[in-house]
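This report walks through selected local features of a structure, beginning with one pair of facing residues in a sheet. Please keep the sequence and the 3D view at hand while reading.

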2 protein chains.
Amino acid sequence: MYIGIDLGGTNIAAGIVDENGNIICSKSVPTESERPTEEIVRDMAELSKQLIAESGTEHEEIKGIGIGCPGTIDFEKGEVVYSNNIPMAHFPLAEHFKKYLNLPVKVDNDANCAALGEYTVNGGGADCFLFITLGTGVGGGLILNGKIFRGFNGAAIEAGHITLISGGEKCTCGKEGCWEAYASVTALIRDTRRAMEQYPESMMNTIAERDGKVSGRTAFEAAKNGDEAGQKIVEQYARYIADGIVSCENFIQPEIISIGGGISREGDYLLNPVRDYVSANGFNKFMPKSRIVTAKLFNDAGIIGAAMLVK
Amino acid sequence: MYIGIDLGGTNIAAGIVDENGNIICSKSVPTESERPTEEIVRDMAELSKQLIAESGTEHEEIKGIGIGCPGTIDFEKGEVVYSNNIPMAHFPLAEHFKKYLNLPVKVDNDANCAALGEYTVNGGGADCFLFITLGTGVGGGLILNGKIFRGFNGAAIEAGHITLISGGEKCTCGKEGCWEAYASVTALIRDTRRAMEQYPESMMNTIAERDGKVSGRTAFEAAKNGDEAGQKIVEQYARYIADGIVSCENFIQPEIISIGGGISREGDYLLNPVRDYVSANGFNKFMPKSRIVTAKLFNDAGIIGAAMLVK
């Protein structure tokens, strides 16, 4: 058994996970990311102890603890090199954690952990498995032969920051035209707002007024109800996602491309046009093709993947 | 010792290569790609026999023959699944070759071979080595832990067909906006022609008239002589190259990115602005960065890499 901790900007979620990636029990507490990091670490350890106690697990049965954290992580050292969401720089997270709970501790990037979690449960042992998550940003993780691929420096993969439109929309990373600046839910909301202004008669305006906000679902709901402007936004969004996926596919030819993040709950309504575009535009015309699937674990992926770091 | 054969659309180039990737001797003959494939195979074997005889090598010293071929290759089967340049479809190249010269034969994509050649001689043992070649198209190969990375289906990597400008220039592959449609020498010539029309007073027109053609060098020569339109084209070309390299770097974080193809002879004049852009725009700000270098083997890379397939 392992403990997996998903350290997010809003919540710390932790779970006891078995060898096969099943969550035995889980709990979460607010991160309150602005307080001193030491307090966050103490709460992570406290949460782990509670899980051990409440589940009736013996301390000896827990073989280690894995932590998924946003930002740049030095996996070898267990150090958070830099994180923006939970302010840390060159913070030896594994070392600090062990002061409260002395077990083997591994730390990795949260998207890498989510990829490993999704791979463990739904990867079917694929040699080359790519996980892409569409959320506030676009993240991803690549699992090669069952292991997280980190590049030579540990900073791979940042799938959201491949170029989609050179010189295009400004991305949060500072570069112009990143995939994330088009395929994230943040970008979808931006494009929805723009279309709402351009087409004041669009149903998107009524939906947003009813909900009191524009969300990633606004255009989808309008589109499904026959709204032309909404359909245009959804089509364009699918095309942005698809053109980035074609890049990934043409580059590394993964057996499975798993799409996660809240917007993936739109399922085939979103993914079928993506699949059609990728199938028509992928370079590979003669060999077996990548399968594009929706991720299934949602928030559990991070906990499971973090736990699998220590397996 | 190994024999490496670089089967190109114009020439068949072959060489005897030692364990360390040194070419002992080499020869080439025209491909004449329109004739029956069987004749091409026979000539490849004939060339190999001549190399063995003329170099005074014993037949037993040759441990195998590697062939680099454009197109989609099934490495496991030694089959050319599809090649456009040298018309072949589902052609069992290794099997046919052995009829003329019975030695172990391996076949792989020509860009993969060039990557392996460049890695063998100039890769310094990097765990993650990316080779990009800028020519008629944009090709590439990825060497992970000393081995060619082929994806799950053998079709990786097609670096030229990652998206650079979604919905942009039509690529030869059928998709719009591929990196190749901007960063290949073919694209550079197209953009040079367009600028020559737009700026009839540009020095590029004089240079092209003198040379009797527009080439990849036209804009570079004009730029180096202070021609503003030429400088604009070179700057734009460097930016296209750089924005694709940022994609590759952000995705897989290679230790070395080696740039080959004839245009790489422009050296630092081309690569310094590329390096500046990548350094300023790469996502990774905290870990060691990829080194961008010019490839050094040029046409020999394909022969050496093909030979290394059988090592």
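## A small sheet in chain A

In this predicted model, Ser83(A) stands opposite Met88(A), a residue of strand 7 of chain A; helices (H or I, at least four residues) and strands (E, at least two) are DSSP runs, numbered from the N terminus. Strand 6 of chain A, residues 79–83, is joined to strand 7 of chain A by 3 bridges, and the two strands run antiparallel, where pairing means that DSSP finds at least two bridges between two strands.

These strands belong to an open sheet of 3 strands in chain A, with the order 5-6-7 and antiparallel pairing. Strand 5 (72–74) and strand 7 (88–91) of chain A stand at the edges with a single partner strand each, so one side of each has no neighbour in the sheet. From one strand to the next, the twist averages 20°, with axes taken as lines fitted to C-alpha atoms (for helices over the stretch in contact) and angles running from 0 to 180 degrees between N-to-C directions. In general, the strands of a sheet pair through backbone hydrogen bonds, either parallel or antiparallel.

## How the model is read

Residues are numbered from 1 along each chain as its sequence is written, while chains are lettered from A and ligands numbered from 1 in the order in which they are written. Because the model is predicted, local features need pLDDT of at least 70 and side-chain atom pairs count only at pLDDT 80 or more, whereas totals for chains, interfaces and linings use all residues, and side-chain values use heavy atoms, with hydrogens and water left out.

## Salt bridges

Over all chains, a search of the whole structure finds 36 salt bridges, each being a side-chain nitrogen of Lys or Arg within 4 Å of a carboxyl oxygen of Asp or Glu. One of them joins the side chains of Asp43(A) and Arg35(A), at 2.9 Å from N to O, and a network of salt bridges links Arg35(A), Glu39(A), Arg42(A) and Asp43(A). Arg35(A) has 17% relative accessibility and counts as buried, a term for under 20% relative accessible area, with exposed for over 50% and partly exposed in between (1.4 Å probe, protein chains only).

Another salt bridge is formed by the side chains of Glu169(A) and Arg194(A), at 2.6 Å from N to O. Glu169(A) lies in the loop between strand 11 (147–148) and helix 4 (180–183) of chain A, and Arg194(A) in helix 5 (residues 185–198) of chain A, so the pair ties together parts that are 25 residues apart in sequence. Glu169(A) is partly exposed at 22%, and Arg194(A) is partly exposed at 42%. Arg194(A) also meets Asp191(A) in a salt bridge of 3.7 Å, N to O; both residues lie in helix 5 of chain A, 3 residues apart, about one turn of the helix. Asp191(A), at 9% relative accessibility, is buried.

## Backbone exceptions

Most residues other than glycine have a negative phi, and most peptide bonds are trans. In chain A, however, a cis peptide bond with omega of about -10° joins Ala156(A) and Ile157(A), and Ile157(A) is placed in the loop between strand 11 and helix 4 of chain A. In chain B, the peptide bond from Ala156(B) to Ile157(B) is cis, with omega near -10°.

Glu32(A), which is not glycine, has a positive phi near 45°; Glu32(A) sits in the loop between strand 3 (23–30) and helix 1 (37–55) of chain A and is exposed, with a relative accessible area of 52%. Asn145(B) likewise has a positive phi, near 50°, and is exposed at 62%.
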